[in-house]
Amino acid sequence: MTPELGQLALILALLLALAQGILPLIGAWRGSRALMAVARPAAAGQAVFVALSFLILVWAFLHFDFSVRYVAENSNLELPWYYRIAATWGAHEGSLLLWILILNLWTVALAIFGRNLPEAFAARVLGVMGLISVGFLSFTLFTSDPFARLLPSPMNGADLNPVLQDPGMTFHPPMLYMGYVGFSVAFAFAIAALLGGSMEPSWVRQARPWTNAAWGFLSCGIVAGSWWAYSELGWGGWWFWDPVENASFMPWLVGTALIHAQAITEKRGSLRAWTILLSIFAFSLSLLGTFLVRSGLLTSVHAFASDPRRGLYILCYLAVVVGGSLLLYALRAPKVMGGKPFAVVSRETAMLIGNLMFTVAAAMVMLGTLFPLIGDALHMGRISVGPPYFGLLFPLLMTPVVLLLPLGPYLRWGKGGSGLLKGVLLRCGIAAVACALVAAFFVHGRPRAIMGVAAAVWVAAGVVLYVIRRWREMPRGRRYPAEMAGMLLAHFGVAVFLIGVLLSESLSVTRDVRMSPGDVQTIGGYQFRFDGIKQTLGPNWHAEQATVVVSRDGKPFTVMHPQKRTYPHDQVQTESAVDPGITRDLYVALGEPMDAGNVHGAWGLRVYYKPFVRWIWGGGLFMMLGGFVAAFDRRFRYRRATATEPAADTTPAAAPREAGA
Amino acid sequence: MTRRWLHALLAAFALAMAAAAAAQAIDPLPFRDHAQEVRFQHLTSQLRCMVCQNETLADSNAGLARDMRHKVFQLMQQGKTDAQIKQYLVDRYSDFVLYDPPVQPDTWLLWFGPFLILAAGGIAVALVVRRRSRARTDMAATQPGTADADDNGDDW
Amino acid sequence: MNRLVPFLAFVLLAGLLGFGIWWNSSHDPTAVPSPLIDKPAPAFALPELDDPAKVVTKASLLGKPYLLNVFASWCYVCGEEHPVLMAEAGQFGVPLIGYNYKDAPADAKAWLSRHGNPYAMVLADRSGQTAMNFGVYGAPETYLIDARGIIRYKRIGPLTPTVIRTQLEPAIAALKKEAP
């Protein structure tokens, strides 16, 4: 299967994307049904060719086709087959192809499941998706062709960076891209609404499941990346506020604001312009993230190899897409206040405050990430902005959100709280204080741990109280609509996350120790006995492997094997040993022999005791689950009916919405 | 004589190998007590490695990072405060070495910018809420009963 | 009017990013300007590479400007810079002193005999402790120190003919003008 076929497939995909992008938009403008009908077949055709192209690249990796430059640079003969597949997206060109593939997945899903969108609206949405694809396909073909040949082809390739040879590599980028690219759907809906000119918020109901699903995927992708960094990089950290991590966090923050704003606009018809703006922001930040990682603008362990020409290309693309959409917004966003009014104390206000905090947090992360660049521009010398900055401001900004979180279900749309509000405040408060006092005893007064427990209990108590109330008050089958269940799961995830972050940050113990065979170190209440080194072999590496026996109260319960691996081309990679647990992780990383060259003598080891660190990712997974569950609410599901006919299984509250503006 | 050359050669080779295989960030130092170790970890995690510029001094494998960590340790042993240790490094390597940017006129935008944005956004939200709640009371006044009947309760 | 705010903010952002791309193409993104420019060089006492018994101090070098070139046998880029130094060392007008950084003396001497020795003398800093006082964070780096021991210019990265013409020679000329 020659790689040139892959190139040809991309060219054909580009042509179809052009058709999909331009013709339906003209059709919707002119009212030509024939042109509008081009959208779905063009999308299907583009998807077929992109998938073909991707499979050809995977094939080239699986069959060691080192005549393809990208394959030669990212794999070699010893690389196991599963990492060869993952190597497809291990560097710039291939990861772009993955981006395009996923964009096509979402487009096809939209074409299939969006059948009862009004014709012109659907044509516009698919048209916008097509135009986005045009940009990425042309970028790939003109500057980043994954099928470029390397002749004469080498006998063996370079290798995939050892850091990337890890299970995390197989699903972190795909999940992340599912999220990033998924926000393009909300974006396309918003642009279609602006282009169409009619400002009925019924399109928001259609947009919500797509946005919730994208947000769920992005949450999963970020969790996967964090877990992978923790287990692979060797230093026990799970978040570094690295520019590329920030690039994925900014769309997540705005996406969180967006899913809440969409709820308000769908149910109450208000804040239409804000929802449209957030839809544009979320996808713009996804694009910005793509730009930052590939332009060489930021120093990061993550960044792909940079090239100013590529950076300039993406910047122009960004200018057209984001600048164009913001200009369209300025010209056509609804100017008249629509939808239902609301009082000062109301669910809308609480959610607006939440929106504000998330948006400001995203702006803060952007400011901190780009500030070194501002420093260069204003000749202020090189300034570093790192965890001390972000780690201070982010929790500060999130505090109001955490405080408001349990109140959400107890506030009403439009006016005031239900009479239960005060009772809930009291109960959550008492629970939080009581648990904090108990915790204070166990954690010897560490303030962050105590605050973590108080905040988590505050949020969790609110969720649990509401769950109980619904159980008591509603008949079976109507207790937990999927949207509400999703909300409860995600908010509960916040509580779990808070425990994970604050307790692990506050109570972790890290020690660098010098150990000779037979030595025992006690850390975090566990005894670690170092039993020496032996040599081991893997599929494409050899390693020095330590044996560390871990005991508790004198009783051994596990043996850990941290390794120092050497890959081809003398690349050394620390493979830490982790003993996972629900209430704590134990973590050992192997350093260097203390006497150079004497592998049977003393070694340096780093030992960590990390309580509750898994709750960080557990919380993230609850949030992801919440996003997916909410996306599958019956109200959002499509039936083969036109948009004006209310579906039979919608709740009665939906009916007035169709009539209202 | 030959043996001394051999040792020198082996030492040179070991040094070269040590440079090739990254000098590790794992670096047991003779701390006086656990509190001093925690202070060291906290301090080095706020400093930036000049060589691997996307890592903290605590996590970097670079040879220079090891030298800088040892220097930090030495200064701690001499009784210097955190501020003095940071100043020592800033004098030699500039503000770049601090991950915690100092609050000075050229970083005011960084430190106060988010709060300015928050204030601006807060005003915008307050205006929106005020406009909506006015509309609500207007509606309640002109069409009594509709405002209340209009809200969905806690329905979903 | 306030509907245009997001668009205008984006224009600002795009401008910043465009500047970033331009800046990156003409500057080394990892170079950190030295805080010691126009400040006294740190006091030092280092042995000569060829004669460890002889110790060279900052005081002994006062009175005339000189260039200090940080290099090492393990440094790949220094190997690329070296032919430029071999060709141009005589034309600087000030002595070129080598600063051997974190290197085994045997390695350094072998490297110099293989690639040539353009230096008036070579100082050996095996541990790198003195280099930290200079703010050295990699090799090659080059310092221009004036007659009073003040650092006037620092080059991070290799000296190329372009850098020599556009930056080093004007700096040396400025020194000569102060004290002919």
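## Exercises: a long helix and a chain contact

Helix α17 of chain A covers residues 482-507, 26 residues in total, and spans 37 Å from first C-alpha to last, close to the 38 Å expected at 1.5 Å a residue. The model is predicted.

**Exercise 1.** Work out why α17(A) is largely enclosed by the rest of the structure.

*Solution.* Start with the cut-off: a residue is buried when its relative accessible area is under 20%. Now count along the helix. Of the 26 residues of α17(A), 20 are buried, so the helix is largely enclosed by the rest of the structure.

**Exercise 2.** Describe the extent of the contact between chain B and chain A: how many residues does each chain give, and what area is buried?

*Solution.* Take the residues. Chain A gives 74 and chain B gives 53. Then take the area. About 5500 Å² is buried between the two chains, and carbon and sulfur atoms give 65% of it.

**Exercise 3.** Find which side chains form the salt bridge between the chains, and state which helix of chain B supplies the largest share of its contact side.

*Solution.* First, the count: there is one salt bridge between chain B and chain A. Its partners are E37(B) and R511(A), at 2.9 Å from N to O. Next, the polar contacts: 14 residue pairs, both residues at pLDDT 80 or more. Then go to the helices. On the side of chain B that touches chain A, α2 (34-44), α5 (108-142) and α6 (146-150) each supply at least two residues. The largest share, 19 residues, comes from α5(B). Last, sort that side of chain B by residue type: 23 nonpolar, 16 charged and 14 polar.

How values were computed: Residues are numbered from 1 along each chain as its sequence is written. Chains are lettered from A and ligands numbered from 1 in the order in which they are written. This is a predicted model: local features need pLDDT of at least 70, side-chain atom pairs count only at pLDDT 80 or more; totals for chains, interfaces and linings use all residues. Side-chain values use heavy atoms; hydrogens and water are left out. Contact means heavy atoms within 4.5 Å. Buried area is the accessible area (1.4 Å probe) that two parts lose on being put together, summed over both. A salt bridge is a side-chain nitrogen of Lys or Arg within 4 Å of a carboxyl oxygen of Asp or Glu. A polar contact is a pair of N or O atoms within 3.5 Å; within protein, one must be able to donate a hydrogen and the other to accept it, and residues adjacent in sequence count only if both atoms are side-chain atoms. Helices (H or I, at least four residues) and strands (E, at least two) are DSSP runs, numbered from the N terminus. Ala, Val, Leu, Ile, Met, Phe, Trp, Tyr, Cys and Pro count as nonpolar, Asp, Glu, Lys and Arg as charged, and the others, Gly among them, as polar. The expected span of a helix is 1.5 Å times one less than its number of residues. Buried means under 20% relative accessible area, exposed over 50%, partly exposed in between (1.4 Å probe, protein chains only).
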